[in-house]
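Reader: Could you take me through one part of this model up close? I'd like to hear how the helices at the start of the chain sit against one another, and then whatever you can add about the strands further along.

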Amino acid sequence: MSRPTGRVLTLLELLQSGGTRTMAELADRLGVEGRTVRRYVDQLIDLDVPVESVRGRYGGYRLAPGYRLPPLMLSDDEALAVLLGLVAGRRTGLTTTEHTAGETASAKIRRVLPKHLARRLDTLLEALAFTDRPGGFDTPDAGVLLTVADAVRHRRPVSIRYTDRDGRRSERTLHAYGIVAHSGRWYVTGTDARTGEDRTFRLDRIADARTLPGSFEAPVGPGPAERVLSGFATAEYRHEVTLRIHGTVEQVRARLPAGVATVEEHEPGADRDRAAERWLRVGLRAERLDWLPPLLAALDRPFVIERPAELRALVAAFADRLASRARQV
């Protein structure tokens, strides 16, 4: 590559890093005079790269949004970061339904990687292990995701066609105020315009989304992530469980996070310290109870089961099994 061509590509890389670059800064970084910088800029414009001039004391050059993606210059670290992001997104389900888009993007970057970096990446991927199972997530449509995100950003109502977990279909108008990624899935949280209730919807179950005229005010209080977790903890399931656990909030949350259970003080007090051990009332809802006895044993804190009685029987049976096995030689 000739030196002028190399400098033009270096100029493109500098402009892609964002912001406005002054003429003096560009000339210094490229090791040329100002008129040469202007000639390089003209070459980029001839290649349909949308470079615009900024006048004034702090003026210079910057990239403007163009009708197509300009040639992309990535450093070794940036290329590695993008590829790892694609791999992690695919493994955790946080991708769109266009799985081939991630694969083709990854292939394009890998095809132009320097050999030494490609070898290092292969070495990393061979050594990398994931604790989650790959694959089993239903991912949202890219168009739905972007439409909902635009509605959130501009506080516009959005009409959605939704299929719930029982296969029932409905059309709703949602005042969406947040998108949340949780445990490998995308969720949108907002207010159902018809009922006025706070609702959380899985984005992969939304078949169509259209922004509507009008606007709304975002609610005060907890943010979208906290609202989604609270919704999980209070969702309707077969069993409603209430416990009293003696310990700190942190000890309880270590085994029963916000997406699983609610935690409140059994004996509330304004001067209570979160790090102080005390009786806490814990509520959760579950389709099955068989996972709770080993979890309560692992918590290793004094607890009282307020309801249901069925859980008391399961805990007693679990304790008997543990005692029996401990006596075996």
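Author: One term before we start: contact here means heavy atoms within 4.5 Å. And keep in mind that this is a predicted model.

With that in hand, look at helix 2 (residues 23-30) and helix 3 (residues 34-46). On the helix 2 side, Met23, Leu26, Ala27 and Leu30 do the touching, and they meet Gly34, Val37, Arg38 and Tyr40 of helix 3. Sorted by class, that contact has 6 nonpolar residues, 1 polar and 1 charged. How do we describe the way two helices pack? We use the angle between their axes and the distance between the axes. For helix 2 and helix 3, the axes come within 9 Å and cross at roughly 90°. Angles of 65 to 115 degrees count as roughly perpendicular, so helix 2 and helix 3 are roughly perpendicular to each other.

Now turn to the other partner of helix 2. Helix 1 (residues 3-16) packs against helix 2 at an angle of about 135°, and their axes are 10 Å apart. That makes helix 1 and helix 2 oblique to each other, and their crossing is right-handed. From helix 1, Arg7, Thr10, Leu11 and Leu14 meet Leu26, Arg29 and Leu30 of helix 2. By class, this contact has 4 nonpolar, 1 polar and 2 charged residues. Leu26 and Leu30 are worth clicking on: they meet residues of helix 1, and they also meet residues of helix 3.

Further along the chain, let's follow the strands. Strand 3 (residues 158-163) and strand 4 (residues 169-182) run antiparallel, joined by 6 bridges. One of the pairings puts Thr163 opposite Arg169 in strand 4. Strand 3 and strand 4 form a hairpin with 5 residues between them, and Gly167 in the turn has a positive phi of about 85°.

Strand 4 also pairs with strand 5 (residues 185-192), again in the antiparallel sense, over 8 bridges. Here Val180 has Tyr187 of strand 5 as its bridge partner.

Carry on past strand 5 and you reach Arg194, in the loop that leads to strand 6 (198-202). Is Arg194 buried or exposed? Its relative accessibility is 72%, so Arg194 counts as exposed. Check its position against Thr173 too: the two residues are 21 apart along the chain, and their C-alpha atoms are separated by 7.1 Å.

How values were computed
Residues numbered from 1 in each chain as written. Predicted model: local features only at pLDDT ≥ 70, side-chain atom pairs only at ≥ 80, totals over all residues. Heavy atoms only, no water. Pairing = 2+ DSSP bridges. Helix = DSSP H or I, 4+ residues; strand = E, 2+ residues; numbered from the N terminus. Buried < 20%, exposed > 50% of the residue type's maximum accessible area, 1.4 Å probe, protein only. Axes fitted to C-alpha atoms, helices over the stretch in contact; angles between N-to-C directions. Parallel < 35°, antiparallel > 145°, perpendicular 65-115°, else oblique. Nonpolar A, V, L, I, M, F, W, Y, C, P; charged D, E, K, R; others polar. Left-handed = near helix turned anticlockwise from the far one by under 90°.
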